[in-house]
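Please report on the empty spaces, the surface and the backbone of this two-chain structure. Keep it brief and give the cut-offs.

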Amino acid sequence: MKWKGMLSLLIIAILSLTGCWNYKDVNQMIIVSGAAIDSAKGKPGYHITAEVVRPTEEVGLKGEIYESDGQTIFEAIRDLIIEASKKPSWAHSKVLLIGEEAAKKGTTPFLDMMYRDAEVRRDMWLFIAEEETAGEVLQTDVGKIGQVRSYYIEDIIKAEDSVTRFHGVRLWEYIKYQYAEGVSPTMPLIRVVPVGKGKMYQVAGTAVFKDDKLVGKLNERETRSYAWIIDEIGGGLINVDTNIDGEFAEIALEIFNSSSKMEPFYQDGKLSMRITVEEIIVNIAEIDGHTDVIDKMNRGELEKDAADLVRQDIKDVVKKVQKEYGSDIFGFGRAVKRHMPDIWKEIREDWDKIFPIMDVEVDVKVKIRGSALHNKPLKAGGGI
Amino acid sequence: MGVGTAAGKDAWLAILVGILMSLPALFIYGRLLSLFSGKNLYEILEAVFGKVIGKGISLFYLWFAFHLGSLVLRNFGEFVTTVSLPQTPRAFPMLVLILICSWGVRDGIEVLGKWGKVSLLILLPLIFMTILFMIPLYEIDRLRPVLSKGLKPVLMAAFSDFTFPFAETVIFTLVLTSFENKKQTYGVFFLGLAIGGLTVLCTTLAELLVLGEHQYTALYFPSYSAVRRLNIGNFFQRVEIITGIAFFGAGYIKISMCLMGACKGFGSILNLEDYRFLVLPMGLLMLNMAWLVYDSQMEMFEWAFSTWSYYAFFFQAILPAFILIGAELKKRKINGKGLQVNE
């Protein structure tokens with residue numbers, strides 16, 4: 001009987017008295033909400049700017065900024081402790097801003113630690129900062145709404161579907177594209193713009209990488225075409241200038257759905273790519289004029305105009321990327337690999353030379369689904 | 001959907017004329033059902049024209065019921081995606097509705113009839129209450145001058161009103177069989193016309209009085225936009241969902257009737273004893289048809305207001321008149337021989 005009593009005592013003790021080895025209460029922690037990485041000024045190594053959230057008894061969180069230098073990223077991160085008094089937890093960091101300077105030298109040296117470390121989450125959003133340094137962006141005072149700026153930036157990126165002026169990229173996606181054959185990664189651009197008296201963030205455009213080095217940028221419109229090619233259009237709008245019977249009108253079409261695919265084919269012995277954007281389904285959202293584009297005949301005209309516009313945009317962005325950057329961000333190589341594996345084996349070594357001179361054929365179809373509540377344009381000047 | 005938009009601000013007049021125009025058609029339907037009591041139109045067709053021709057004509061009505069059901073279903077889908085859920089694929093609200101309809105039709109005409117009674121008690125007060133609440137927004141000048149464009153557009157619109165919605169009641173000849181007496185066959189149609197006509201007339205008048213001519217004809221769903229303007233003391237406002245409820249409740253009955261008509265037709269052509277096992281497949285076919293039938297919202301309205309009238313007139317007036325003549329002749333022949341069919 002005695003050992004039974006001892007055993008139950010032991011079990012009770014084990015269940016009630018033990019805890020986690022490294023247990024920390026939330027009020028003993030500080031949490032990194034986002035960070036910016038730059039090349040250190042005038043010396044080798046990196047400069048890290050981290051926004052840190054300190055749990056307090058007050059209502060609402062407030063970000064604090066800490067900075068440190070280091071030969072390696074890891075050193076810089078560890079040195080943050082000296083300033084911030086506690087060891088920051090990286091498990092809840094949402095965004096990572098990268099300075100252009102550092103990105104041009106290559107992202108591998110500093111993204112390796114981020115990707116390798118157990119604490120950092122791989123679904124962090126990546127950005128290229130279009131300012132002098134990335135730290136500057138994170139330190140910008142954006143007023144009350146941006147109490148924790150990183151979370152604010154994350155909210156912007158989550159609204160991607162209704163704007164399509166940027167294409168959000170997570171850390172794991174970036175690394176995946178870096179690994180993948182026949183496709184290059186991109187990141188969205190972030191900059192600070194003046195709004196009224198204050199300043200505000202603006203996420204728009206795309207940074208083009210080749211291997212792991214920043215080589216160029218696409219503007220907002222080119223970004224939309226890029227999203228079309230890689231089939232990442234979730235919404236947004238197309239502005240079309242129409243000219244029907246000599247009357248000009250600007251029409252805004254709201255995109256509801258679209259899907260695209262690419263297929264390589266041989267034309268006159270030359271490897272070419274066919275991009276098909278199948279049925280962009282849109283609603284007429286705004287008619288800036290009095291032309292009745294909803295009329296049956298004019299609707300067809302409008303559909304054609306919109307399709308031409310999108311096709312030209314896509315052709316332009318492909319040409320620009322081919323000629324200026326030579327980086328296959330569209331994944332043409334990957335398409336060749338999937339559709340023509342035998343040919344890919346022969347050309348994969350020379351892909352960098354083949355990609356810039358590839359011919360591209362674009363097919364776009366636009367279908368107008370509705371015109372919201374009205375079936376006529378607004379009228380000015382009475383009539384009837 | 002606005003009715004009689006071709007007449008502009010005289011749409012309400014067009015509805016009155018349309019109601020008058022539909023009286024003879026409804027008389028034909030009632031007469032047909034009372035001549036052969038206990039039989040629906042499919043069975044009457046076979047009794048009058050024999051197996052082969054009768055079944056041939058039955059095919060027309062099977063198609064009409066099926067097509068009309070799909071159109072209404074699509075209309076419902078458009079309503080939901082246009083006014084409230086633009087990101088939702090149109091198929092989902094339609095799928096939900098057709099599943100409920102199939103359920104109702106499987107349970108039979110009694111259940112649908114009872115539901116019709118109940119829903120009428122809910123919907124009619126709701127609709128008329130809304131119309132009354134909108135009185136402060138009315139401006140009688142919006143109707144003036146009456147007949148400004150002459151009589152012709154009014155007659156054209158009246159014709160359109162005849163085919164949509166009044167004479168669509170031809171569907172009832174396909175499903176209604178059990179009447180208490182012969183007079184009731186007329187009563188069903190004329191009482192229905194009275195209630196339905198009054199409702200359509202009142203809502204159209206209210207919409208015109210609130211929105212005015214241009215808005216009434218330019219909006220896809222004028223009732224929705226009219227009710228949107230309703231605001232009594234900042235308290236009774238944002239009640240446009242009422243039009244949604246009315247749309248759903250009434251559309252449910254309409255689609256169910258069409259579905260039942262189509263199923264009964266199929267059953268009668270193939271000499272099946274029970275139509276019930278056909279309901280779900282037929283309903284899902286209707287869903288497909290509704291998905292395919294129009295390319296866009298604009299096409300739906302163009303078709304509904306330009307083509308539908310001429311297309312439907314064949315099923316609603318020409319064919320029934322022809323059948324009635326055949327039925328009368330057949331009946332005389334039988335009576336002349338001193339034989340009585342049914343009774």
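## Pocket and cavity

The second largest pocket has a volume of about 560 Å³. It is lined by 27 residues, and A:Asn375, B:Thr5, B:Phe301, B:Glu302 and B:Phe305 lie nearest its centre. Chain A gives two or more residues to this lining from helix H9 (296–325), and chain B does so from helices H5 (152–163), H8 (213–218) and H12 (297–336). H12(B) gives the most, with seven residues. By class, the lining has 13 nonpolar, eight polar and six charged residues.

This is a predicted model: local features need pLDDT of at least 70, side-chain atom pairs count only at pLDDT 80 or more, and totals for chains, interfaces and linings use all residues. Residues are numbered from 1 along each chain as its sequence is written, chains are lettered from A and ligands numbered from 1 in the order in which they are written, and side-chain values use heavy atoms, with hydrogens and water left out.

Some terms follow. On a 1 Å grid over the protein atoms alone, a cavity is a set of points where a 1.4 Å probe fits but cannot get out; a pocket is an open set with protein on both sides within 12 Å along at least five of seven lines; lining residues have an atom within 4 Å of a point. Grid points are joined across faces, edges and corners, and a volume is the space filled by probe spheres set on the points. Ala, Val, Leu, Ile, Met, Phe, Trp, Tyr, Cys and Pro count as nonpolar; Asp, Glu, Lys and Arg count as charged; the others, Gly among them, are polar. Helices (H or I, at least four residues) and strands (E, at least two) are DSSP runs, numbered from the N terminus.

There is one cavity of 30 Å³ or more. The largest cavity holds about 30 Å³ of space. Its lining is A:Asn283, A:Arg369, A:Gly370, B:Glu78, B:Thr81, B:Thr82 and B:Gln297. Strand S13 (359–370) of chain A and helix H2 (41–83) of chain B each give two or more of these residues. H2(B) has the largest share, three residues. The lining has no nonpolar, five polar and two charged residues.

## Backbone

Two cis peptide bonds in chain B are tabulated here.

| Bond | Omega | Place of the proline |
|---|---|---|
| B:Arg144 to B:Pro145 | near -5° | loop between H4 (109–133) and H5 of chain B |
| B:Phe164 to B:Pro165 | about 15° | loop between H5 and H6 (172–175) of chain B |

In chain A, A:Ser85 has a positive phi near 80° without being glycine. A:Ser85 sits in the loop between helix H2 (73–84) and strand S4 (88–89) of chain A. A:Asp268, also not glycine, has a positive phi near 50°. A:Asp268 sits in the loop between strands S11 (247–267) and S12 (270–288) of chain A.

## Exposure

Buried means under 20% relative accessible area, exposed over 50%, and partly exposed in between (1.4 Å probe, protein chains only). A:Ser85 is exposed, because its relative accessible area is 53%. A:Asp268 is exposed at 80%. B:Ile135, in the loop between H4 and H5 of chain B, is partly exposed at 45%. The C-alpha atoms of B:Ile135 and B:Asn335 are separated by 57 Å, and the two residues are 200 apart along the chain.
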